[in-house]
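This walkthrough follows the helices of one protein chain, how they pack against each other, and where a few individual residues sit. Please keep the sequence and the coordinates open while reading.

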Amino acid sequence: VYANLISTFDLAEATIMSIIIPITIIIVAIISNLIINDSKKMAAMLKALGYSDIKNLMSILALFIPTIVLGLALAIPLSFGLTLGYQSIIFNTANILVDVTQKWWYYVAAIGGIGVILIGTYAIGYVSLKRSRLVDEIK
């Protein structure tokens, strides 16, 4: 019974994560594209001042780094707290102890995935800045 219950929890967790991860990637890509498109005039002015495309991109997308750090600082303790709350609710209502353990490599994989998304966003932004005619953006 317990093995079946834990496998059901694992299946539910995998299903939820397979829905959340693609949605997150799409949202980050759309937001970064919007930020880059809105900042092209600023990038054109910075390029006229002698900044390279990479420095322009870093100045535009540097907004993501504090957001990611703050999000991780809030999400990791929150996930531990929610898991403990989840376990206590199940134990108090059904007298079933569900030992849901959080493995450290889940967090490493999540941080690595966020890093890959961020690097992909930087690459897409760099290509977008290289393709646009920034001189026309100043006008």
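The model is predicted. Start with the pair α4 and α5, which pack with their axes 12 Å apart at an angle of about 160°. Angles over 145 degrees count as roughly antiparallel, and α4 and α5 are therefore roughly antiparallel to each other. The crossing in which α4 passes α5 is right-handed. On the α4 side, the residues that take part are F64, I65, I68, L72, I76, S79 and F80; on the α5 side they meet Y107, I111, I114, L118, T121 and Y122. An α-helix has 3.6 residues a turn, so residues three or four places apart point the same way.

Before going further, confidence should be set out. The protein chain has an average pLDDT of 80, and 92% of the residues reach at least 70. Among the elements of the chain, helix α4, residues 64–94, has the highest mean pLDDT, at 84, and helix α6, residues 134–138, has the lowest, at 66.

Helix α5 covers residues 104–131. Its 28 residues, at 1.5 Å a residue, should span 40 Å, and the C-alpha atoms at its ends are 41 Å apart, so the expected and modelled lengths agree. Which residues of α5 are buried? They are Y107, L118, T121, Y122, G125, S128 and L129. Y107, L118, T121 and Y122 are also among the α5 residues that meet α4.

L118 is a useful residue to examine in helix α5. Its relative accessible area is 17%, and the cut-off for buried is under 20%, so L118 counts as buried. Which residues does L118 contact, apart from its neighbours within four places in sequence? The contacts are with F64, I65 and I68. F64 and L118 lie 54 residues apart in sequence, but their C-alpha atoms are 8.1 Å apart in space.

Helix α5 also packs against α3, where the two axes come within 10 Å and cross at roughly 125°. That angle makes α3 oblique to α5. As with the previous pair, the handedness can be stated: α3 passes α5 in a right-handed crossing. The α3 residues D53, I54, N56, L57, M58 and L61 meet T121, Y122, G125, Y126, L129 and K130 in α5. T121 and Y122 of α5 thus appear in the list for α3 and in the list for α4. Of the α5 residues that meet α3, T121, Y122, G125 and L129 are among the buried ones.

Helix α3, residues 53–61, packs in turn with α2 at an angle of about 140°, the axes being 10 Å apart. That makes α2 oblique to α3. The crossing of α2 past α3 is right-handed. Here M42, A43, L46 and K47 in α2 meet D53, N56, S59 and I60 in α3. D53 and N56 therefore have a part in both packings of α3, since they are listed against α2 and against α5, under a contact criterion of heavy atoms within 4.5 Å.

Another residue of α2, which runs over residues 40–48, is K41. Is K41 buried or partly exposed? K41 is partly exposed, with a relative accessible area of 41%. The C-alpha atoms of K41 and L78 are separated by 39 Å, with their positions 37 residues apart along the chain.

Finally, consider the loop between α4 and α5, where both I96 and L97 are placed. I96 has a relative accessibility of 24% and counts as partly exposed, whereas L97, with a relative accessible area of 60%, is exposed. The C-alpha atoms of I96 and L5 are separated by 9.8 Å, although the two residues are 91 residues apart along the chain. For L97 and V108 the sequence separation is 11 residues, and the C-alpha to C-alpha distance is 27 Å.

Key: Residues are numbered from 1 along each chain as its sequence is written. This is a predicted model: local features need pLDDT of at least 70, side-chain atom pairs count only at pLDDT 80 or more; totals for chains, interfaces and linings use all residues. Side-chain values use heavy atoms; hydrogens and water are left out. Helices (H or I, at least four residues) and strands (E, at least two) are DSSP runs, numbered from the N terminus. The expected span of a helix is 1.5 Å times one less than its number of residues. Buried means under 20% relative accessible area, exposed over 50%, partly exposed in between (1.4 Å probe, protein chains only). pLDDT is the predictor's confidence in each residue, from 0 to 100. Axes are lines fitted to C-alpha atoms, for helices over the stretch in contact, and angles run from 0 to 180 degrees between N-to-C directions. Angles under 35 degrees count as roughly parallel, over 145 as roughly antiparallel, 65 to 115 as roughly perpendicular and the rest as oblique. A crossing is left-handed if the near helix is turned anticlockwise from the far one by less than a right angle, and right-handed if clockwise.
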